[in-house]
Amino acid sequence: MKLTARNTHRDIAYFYVGLIISFSLSGIFLNHRQSWNPKRYTYESKDISVAQVNKDSINDNFIKMFTSEQGIEDELRRFSVDGEKLKISYVNHDVTIDLSTRNGKIESYRTTPVLGQMTKLHLDTSKWWIYYSDVFGVAMLVIAFTGMFIQEGSNSFRSRGWKLALIGIIFPLIFLFLLT
């Protein structure tokens, strides 16, 4: 195999195509996690009714008793009372109870298979993954730079590609500095 920009670009891109797709999808998922989070989607929702509850009696002991009564085997993250709403958040469950009507809902969550695990690509901080991600970053730079020399003639990087590249650099800077 002859070492050319085209061959280098092609082979590195082939090697990383799976990771490119996974990183792209997981980045999109994380960008929109407020409306749909693949790490946490509702798979069960259960309506509940509770006995009369006084706002002042809601404390750690009440939450422990409620958790046990409802058969929730999950780690408590936090709870709060906001007006007439009691909100209890666990790692894999959320509970909302309207204290005035004594009706509520328990929502159970789980990770979307494959898609939820892919989001870990952006969040993982293990030593080996960081090294691999650094190598991936360098490979993306090689793909970008070798791609600049593949095309010749009127559509080459020197003729018109540099203008598009400049716009591609300016566009995210606008979002970074002017729109945040």
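This is a short walk through three places in a predicted model: a hairpin, a group of aromatic rings and a patch on the surface.

Let us begin with the hairpin. Strand β4 covers residues 93-98 and strand β5 covers residues 103-110; the two run antiparallel and are joined by 6 bridges. If you look for Ile-97, you will find Gly-104 of β5 standing opposite. Between the two strands lie 4 residues, and Arg-102 in this turn has a positive phi of about 65°.

Next come the aromatic rings. The model holds 6 aromatic pairs. One of them joins Tyr-16 and Tyr-132, whose ring centres are 6.1 Å apart and whose planes meet at 45°, a tilted arrangement. Tyr-16 belongs to helix α1 (residues 5-31) and Tyr-132 to helix α5 (residues 127-147), so this pair ties together parts that lie 116 residues apart in sequence. The two partners are not covered alike: Tyr-16 has a relative accessible area of 6% and is therefore buried, whereas Tyr-132, at 32%, counts as partly exposed. Both tyrosines also belong to one aromatic cluster, together with Phe-15, Trp-129 and Phe-136.

Finally, turn to the surface. Here a nonpolar patch of about 1200 Å² is made by a set of residues that includes Trp-162, Leu-166, Ile-169, Phe-171, Phe-175 and Leu-178. To find Leu-178, follow helix α6 (157-177) and look in the segment after it. With a relative accessible area of 65%, Leu-178 is exposed, and you can pick out this residue as one of the members of the patch.

Key
Residues are numbered from 1 along each chain as its sequence is written. This is a predicted model: local features need pLDDT of at least 70, side-chain atom pairs count only at pLDDT 80 or more; totals for chains, interfaces and linings use all residues. Side-chain values use heavy atoms; hydrogens and water are left out. Two strands pair if DSSP finds at least two bridges between them. Rings of Phe, Tyr and Trp (its six-membered ring) pair if their centres lie within 6.5 Å; planes under 30 degrees apart count as stacked, over 60 as edge-to-face and the rest as tilted. Buried means under 20% relative accessible area, exposed over 50%, partly exposed in between (1.4 Å probe, protein chains only). Patches are made of residues with over 30% relative accessible area and no salt bridge: like charges are joined within 9 Å, nonpolar side chains (Val, Leu, Ile, Met, Phe, Trp, Tyr) within 5 Å. Accessible areas come from the Shrake-Rupley method with a 1.4 Å probe; for residues, only the protein chains shown count as cover. A salt bridge is a side-chain nitrogen of Lys or Arg within 4 Å of a carboxyl oxygen of Asp or Glu.
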